[in-house]
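Hi,

Here is the structure I promised to pass on to you. Have a look at it first, and then read on for what I found in it.

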Amino acid sequence: MPPYSTLRDFIGALTTGDTNITRVLERVTNNEANRQKYLPQVEKPGAFNGPIPEWICTEFRQAGMSQAEIEHIQERWPDSQKETVRAQLYEAWTQKRPIHFSWELFDGDDPRSEVRRDSNQEMRVVFRSPRRGVKITSKVRIGELKVDI
């Protein structure tokens with residue numbers, strides 16, 4: 001989850017695994033037109049390392065991702081996490097299979113991405129954030145709590 005998520009968004013993500021980022025990733029990556037248009041850009045290992053390509057940022061914005069969420073991916077996701085997404089996306093696109101994304105907290109020290117198979121064997125990338133990174137801060141009112149991870 002990006003820093004400064006609302007408490008409501010955080011609680012929802014804890015129970016469902018869905019965040020705005022995971023929902024946008026699914027919309028963008030499961031769009032057939034995007035597969036046809038961007039498959040060559042996704043093929044090369046390391047293509048998402050460092051700043052992610054502008055074409056992805058544009059697709060994310062058009063699908064409802066905020067600038068803060070894009071910056072979170074750009075600045076806070078390690079290249080290894082971006083590479084996991086790229087490799088799984090390439091596999092899903094070349095096999096013409098859906099790909100799913102979810103988020104969860106865990107007791108590890110560093111963020112990581114894990115590849116899992118759903119019960120129907122569909123691909124899922126799970127973004128795991130260290131529990132120790134959760135800090136709830138509010139300087140105004142309880143209704144304006146923000147979760148910074």
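R116 stands opposite R124, a residue of β4. That pair belongs to a run of 6 bridges joining β3 to β4, and the two strands run antiparallel. They form a hairpin with 5 residues between them, and in its turn Q121 has a positive phi of about 70 degrees. Please keep in mind throughout that this is a predicted model.

On to the sheet around that hairpin. It is an open sheet of 3 strands, in the order β2-β4-β3, with mixed pairing. Its edge strands are β2 (99–106) and β3 (112–117), each of which pairs on one side only. Neighbouring strands are turned against each other by 25 degrees on average, direction ignored. Helix α2 (residues 20–29) packs on this sheet and touches β2 and β4; the direction of α2 makes about 160 degrees with that of β2.

The other pairing of β4 is with β2. Here 8 bridges join β2 to β4 (residues 123–130), and these two strands run parallel. Two of the facing pairs are easy to pick out: E104 stands opposite R128 in β4, and F101 stands opposite V125 in β4. Although β2 is an edge strand, 7 of its 8 residues are buried, so β2 is largely enclosed by the rest of the structure.

If you want one residue to start from, I would suggest F127. It lies in strand β4. Is F127 buried or exposed? With a relative accessible area of 4%, under the 20% cut-off, F127 counts as buried. Leaving aside residues up to four places away in sequence, F127 touches T22, L25, W77, Q81, V85, F101, S102, W103, E104, R112 and S113. So that you can orient yourself along the chain as well: F127 and F106 are 21 residues apart in sequence, and their C-alpha atoms are 9.9 Å apart in space.

Two of the residues that F127 touches, L25 and V85, turn up again at a cavity. A search of the whole structure finds 1 cavity of 30 Å³ or more, and the volume of the largest cavity is about 160 Å³. It is lined by 16 residues, of which L25, F48, I56, F60 and V85 lie nearest its centre. Which elements give two or more residues to this lining? They are α2, α3 (32–43), α4 (54–62) and α6 (79–94). The largest share, 4 residues, comes from α6. Helix α2 therefore has a part in both places: it packs on the sheet and also gives residues to the lining of the cavity.

Finally, the overall picture. The protein has 6 helices and 6 strands, and from the N terminus on its elements run β-α-α-α-α-α-α-β-β-β-β-β. Of the 149 residues, 41% are buried. Among contacts between residues at least 6 apart in sequence, 62% join residues at least 24 apart. The accessible surface comes to about 8300 Å², and 49% of that belongs to carbon and sulfur atoms.

Happy browsing, and best wishes!

Note on methods. Residues numbered from 1 in each chain as written. Predicted model: local features only at pLDDT ≥ 70, side-chain atom pairs only at ≥ 80, totals over all residues. Heavy atoms only, no water. Pairing = 2+ DSSP bridges. Axes fitted to C-alpha atoms, helices over the stretch in contact; angles between N-to-C directions. Contact = heavy atoms within 4.5 Å. Buried < 20%, exposed > 50% of the residue type's maximum accessible area, 1.4 Å probe, protein only. Areas by Shrake-Rupley, 256 points an atom, 1.4 Å probe, with all protein chains shown as cover. 1 Å grid on protein atoms, 1.4 Å probe; cavity = no way out; pocket = protein on both sides within 12 Å on 5 of 7 lines; lining within 4 Å. Points joined across faces, edges and corners; volume = space filled by probe spheres on them.
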